[in-house]
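Student: I am new to this structure and would be grateful for a close look at one part of it. Could you please take me through the salt bridges?

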Amino acid sequence: MLATPLDPLGTRPPADEPSRASPQVTAWWRTAVIYQVYPRSFADADGDGIGDLPGVTSRLDALRRLGVDALWLSPFYTSPQRDGGYDVADHCDVDPLFGTLADFDELLHQAHARGIRVIADIVPNHSSDRHPWFQEALTSTSGSAERARYLFRDGRGPDGSEPPNNWQSHFGGPAWTRVPAADGTPGQWYLHLFDTSQPDFDWSNAEVRAEFRRVLRFWLDRGIDGFRVDVASSLVKADGLPDVDPSLDEDLAPYTGQPGVHEIYRDWRSILDEYPGDRVLVAESWIKPLTRRADWVRPDEMHQAFNDLFDDWDAPTLRGIVENTLAAFSAVGAPSTWVASNHDTVRQATRLSLPRSDRPNGLGPRSTGVPAYDDTLPRARALAMLTLSLPGAAYLYQGEELGLPEVTDIPDAARQDPTFARTAGEQYGRDGCRVPLPWEADAPSYGFGPGDASWLPQPTIWARLARDRQQDVPGSTLTLYQDALVLRRSRSLAAGPLVWLAGHPPHVLAFRSGRTTVLVNMGSTPTPLPAGDVLLSSTDLDDRTLPSDTAVWMHS
Ligand code: NOJ
């Protein structure tokens with residue numbers, strides 16, 4: 001059954017607010033809290049150890065209780081799962097691991113019935129090497145129409161044995177792989193900015209553009225509320241695929257932020273605008289500077305672009321990021337988004353307590369300096385309150401509401417992220433933030449599924465942090481998030497405007513958002529609290545001081 005889109009005019013105000021004039025100003029996505037579901041790890045209904053769409057549906061009431069406005073589902077499409085589903089073999093079907101199209105429709109229907117929108121991931125930069133188009137390309141000749149959908153090139157050197165250029169894969173090693181010609185001799189190379197199993201499309205090809213218009217309409221017709229666009233800044237490559245100049249920043253690489261990419265998103269925006277219900281496009285674009293990133297969210301392009309993750313536990317640095325982001329995005333009329341964590345980064349509890357200089361890509365048994373969990377939690381909780389208090393939309397990665405740490409004891413043999421193999425174990429990669437969630441402390445697989453199976457091993461600390469151990473428990477991290485989401489809505493915190501407050505020490509971030517004063521102590525010494533009622537605090541307050549690594553919201 002096809003789902004009914006929510007709020008056809010896009011003008012539903014927050015429950016406690018009167019309607020305002022312009023639909024664009026009140027559009028839901030400007031202030032939404034969007035919860036990222038990584039389906040492999042969220043909930044497993046069929047017991048195979050891998051999360052699935054019926055699992056998500058079965059746990060929607062927990063998300064409604066948490067108080068989020070929308071879900072962003074990481075890929076659930078047909079895929080050999082070489083990169084957690086970001087290697088798509090069929091963009092218009094559900095992988096049997098995750099269920100069926102009927103399961104997707106049911107999830108969307110049930111989410112909408114609970115007032116929760118659903119955004120899907122779309123992966124347009126590359127496909128899986130199992131995609132029928134790539135399989136056709138492999139059996140076709142150089143210069144054929146089948147190869148022209150991807151980036152096949154002859155190699156350099158007299159016998160073509162050198163890659164066509166010096167580009168490197170984001171997962172380590174060269175970004176080119178050579179394939180045999182029809183007679184079995186070494187043939188052309190194809191480009192893959194990520195794993196060898198993820199060949200890049202050629203976006204100058206009209207067939208590729210037409211195919212993705214079809215994909216967008218396929219999901220929009222089913223009722224999806226929008227798309228998070230994977231690797232949004234890399235679709236278009238510079239003419240001639242020139243070498244990367246290693247003296248220049250990655251943001252200036254010939255595969256990053258080429259001007260032609262904006263034409264694609266204008267085209268996509270016009271498609272979304274044909275549909276009712278205020279559907280959205282969200283760019284995964286980490287391009288710098290922020291003024292350049294804001295180009296993705298000009299009025300006729302996408303609605304949102306992800307902001308930099310908050311990485312530094314340092315008040316002046318974070319203030320700079322907030323100021324620059326608000327300025328750059330409001331200059332083009334777009335809201336800012338605040339993202340504390342996602343499925344690609346070390347979880348915030350662990351990350352914020354690692355020295356900035358040696359933040360690795362993942363942690364494992366041989367990593368040194370991993371902080372003790374109880375020492376890291378206060379910063380993670382304070383960061384949550386900061387993220388949820390800033391004007392704009394907020395993204396919340398599954399499990400952060402439970403205060404989960406990065407899992408560091410995954411054995412090498414159980415690791416799945418291609419980064420681990422492609423760097424010969426030098427980088428652990430992203431498995432540690434993707435471990436299946438704990439729902440029930442005393443159940444097999446901590447309630448992730450009906451049995452013991454879990455595609456990554458779960459640590460014993462999951463028993464302590466399981467959702468049922470935290471639900472309705474005063475002081476738990478889950479209760480903190482729930483309370484914060486209620487207050488964020490009732491006090492219109494996300495509507496701003498943000499006004500910085502003077503008179504606080506430099507290690508305290510201090511601002512007012514609407515009627516709420518926000519203070520975050522990022523230093524090692526307590527500081528006096530100003531007069532006024534404390535609405536919410538990330539750690540217990542003994543007296544009228546703001547302890548280290550603590551955030552408060554106060555009535556102002
Ligand atoms: C960004 C996604 O977040 C990441 O998980 C994926 O590996 C790459 N894009 C490639 O699709």
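Tutor: What follows is an account of selected salt bridges and of where their partners lie. The model is a predicted one. Across the whole structure, a search finds 36 salt bridges.

Let us begin with Asp 83 and Arg 430, whose side chains meet in a salt bridge with an N to O distance of 3.0 Å. Asp 83 belongs to the loop between β3 (77-78) and β4 (90-94), and Arg 430 to the loop between α13 (418-422) and α14 (461-465), so this pair ties together parts that are 347 residues apart in sequence. Asp 83 has a relative accessible area of 5% and is buried; Arg 430, at 10% relative accessibility, also counts as buried. Both residues are part of a network of salt bridges that links Asp 83, Asp 344, Asp 417, Arg 430 and Arg 434.

A second pair is Arg 266 and Glu 301, with their closest N and O atoms 3.2 Å apart. Since Arg 266 lies in helix α8 (residues 261-273) and Glu 301 in the loop between α9 (290-293) and β11 (304-305), the pair ties together parts that are 35 residues apart in sequence. Here Arg 266 is partly exposed, with a relative accessible area of 33%, whereas Glu 301 is buried, at 0%.

Finally, Arg 467 and Glu 401 form a salt bridge at 2.4 Å, N to O. Arg 467 is in helix α15 (residues 467-470) and Glu 401 in the loop between β13 (393-397) and α13, so parts that are 66 residues apart in sequence are tied together. Arg 467 counts as buried at 5% relative accessibility, and Glu 401 is buried with a relative accessible area of 0%.

Methods
Residues numbered from 1 in each chain as written. Predicted model: local features only at pLDDT ≥ 70, side-chain atom pairs only at ≥ 80, totals over all residues. Heavy atoms only, no water. Salt bridge = Lys/Arg side-chain N within 4 Å of Asp/Glu carboxyl O. Helix = DSSP H or I, 4+ residues; strand = E, 2+ residues; numbered from the N terminus. Buried < 20%, exposed > 50% of the residue type's maximum accessible area, 1.4 Å probe, protein only.
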